[in-house]
Amino acid sequence: LVYTFTGRATANQVVTVNAATITAPTMYLAQSITMTPFATNFDDGQATGWSGTWGLLAPGADGTAWEMTDSPVGNYVNSSTKYCTMTTGADLSDLVSGSLTYRAKWNLETNWDGVQLQVSTGGGPWTPVAATRTQAPSGQGVQTVGPWYEGTQASWVTETVDLAPGL
């Protein structure tokens, strides 16, 4: 026998329908599932799934075999723009929340040069996103829109960016 009514019944709540008394059962919801739609550490020395002008350098962060960098053979060239882009992206359409975690260090000219993390949703425009250690743009050099990494971070740090606003 199935009764349908508007509203909701909480666990062990007594509901009366046409003089019949029903006790609502205790209900359990499934736990949320953690998914990793994309992960890479470049330990195989390959940049498979990436395109652009960055390259791999060994040894990598914290003793890993390889790292992705904008200047694998020395300092970056003045007035240059370098980029590293996922070639196929990651399908996040089934997620209601998410984050991107990565390791980084940098040595950039303060208030002039910078590195920016950008995301694109559904093939749309690229949008700069803030991380714990990014700064507001200085308005000089390349720093005109969005948050930037600048200055020097000599040791490796872990950054996590909340992707929920774009999901």
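**Close-up 1. G52 in strand 3 and its partner across the chain, Y83.** In this predicted model, G52 is partly exposed, with a relative accessible area of 37%. Its place is in strand 3, which covers residues 50-52. Look for Y83 as well: in sequence, G52 and Y83 are 31 residues apart, yet their C-alpha atoms are 5.3 Å apart in space.

**Close-up 2. The cis peptide bond from A58 to P59.** Here the view follows the backbone from A58 into P59, where the peptide bond is cis and omega is near -5°. P59 belongs to the loop that runs between strand 4 (55-57) and strand 5 (67-69).

**Close-up 3. The salt bridge of R133 and E159.** The structure holds 1 salt bridge, and here it is: the side chains of R133 and E159 meet at 2.5 Å, N to O. R133 sits in the loop between strand 9 (127-128) and strand 10 (152-162), while E159 is part of strand 10, so the pair ties together parts that are 26 residues apart in sequence. How exposed or buried is each partner? R133 counts as partly exposed at 30% relative accessibility, whereas E159 counts as buried at 0%. As a reminder, side chains of opposite charge can pair when their charged atoms come close.

**Close-up 4. T158 and its contacts.** T158 lies in strand 10 and is partly exposed, with a relative accessible area of 42%. Leaving out residues up to four places away in sequence, T158 touches T101, Y102, R103 and R133. With R103 there is also a polar contact, in which the two side chains are joined at 2.6 Å. R133 may be familiar from the previous view, where its side chain meets that of E159 in a salt bridge. A104 can be added to the picture too: the C-alpha atoms of T158 and A104 are 6.5 Å apart, although 54 residues separate the pair in sequence.

**Close-up 5. The largest nonpolar core.** Which residues make up this core? There are 10 in all: Y102, A104, W106, L108, V129, A131, Y149, V157, V161 and L163. Strand 7 (99-107) and strand 10 each supply at least two of them, and the largest share, 3 residues, comes from strand 7. L163 is a good core member to follow outward, as it touches L92, G98, S99, L100 and V119 when residues up to four places away in sequence are not counted.

**Close-up 6. Q143, a buried residue in a loop.** Q143 lies in the loop between strand 9 and strand 10. Is Q143 buried or exposed? Its relative accessibility is 0%, so Q143 counts as buried. Apart from neighbours within four places in sequence, Q143 is in contact with N111, W112, D113, G114, A136, P137, S138, W148 and E150. One of these, E150, also shares a polar contact of 3.0 Å with Q143, side chain to side chain.

**Close-up 7. N111, a residue with positive phi.** N111, one of the contacts of Q143, is worth a view of its own. Its phi is near 65°, a positive value in a residue other than glycine. The place of N111 is in the loop between strand 7 and strand 8, and the residue is partly exposed, with a relative accessible area of 32%.

**Close-up 8. G122 on an exposed loop.** Between strand 8 (118-119) and strand 9 runs the loop that contains G122. At 84% relative accessibility, G122 counts as exposed. L92 offers a reference point here: it is 30 residues from G122 along the chain, with 9.4 Å between their C-alpha atoms. L92 is also among the residues that L163 touches.

**Close-up 9. The N-terminal stretch, with the whole chain as background.** Across the chain, pLDDT averages 80, and 80% of the residues score at least 70. Residues 1-6, however, have pLDDT below 50, and beyond near neighbours in sequence this stretch has 3 contacts in the model. Where pLDDT is low, the predicted coordinates should not be read in detail. Zooming out, the chain has 0 helices and 10 strands. Buried residues make up 21% of its 167 residues. Of the contacts with a separation of 6 or more, 54% are between residues 24 or more positions apart. The accessible surface comes to about 11,800 Å², with 53% belonging to carbon and sulfur atoms.

Notes:
Residues are numbered from 1 along each chain as its sequence is written. Side-chain values use heavy atoms; hydrogens and water are left out. Helices (H or I, at least four residues) and strands (E, at least two) are DSSP runs, numbered from the N terminus. Buried means under 20% relative accessible area, exposed over 50%, partly exposed in between (1.4 Å probe, protein chains only). Contact means heavy atoms within 4.5 Å. Accessible areas come from the Shrake-Rupley method with a 1.4 Å probe; for residues, only the protein chains shown count as cover. A salt bridge is a side-chain nitrogen of Lys or Arg within 4 Å of a carboxyl oxygen of Asp or Glu. A nonpolar core is a set of buried Ala, Val, Leu, Ile, Met, Phe, Trp, Tyr and Cys residues joined through side-chain atoms within 4.5 Å. A polar contact is a pair of N or O atoms within 3.5 Å; within protein, one must be able to donate a hydrogen and the other to accept it, and residues adjacent in sequence count only if both atoms are side-chain atoms. pLDDT is the predictor's confidence in each residue, from 0 to 100.
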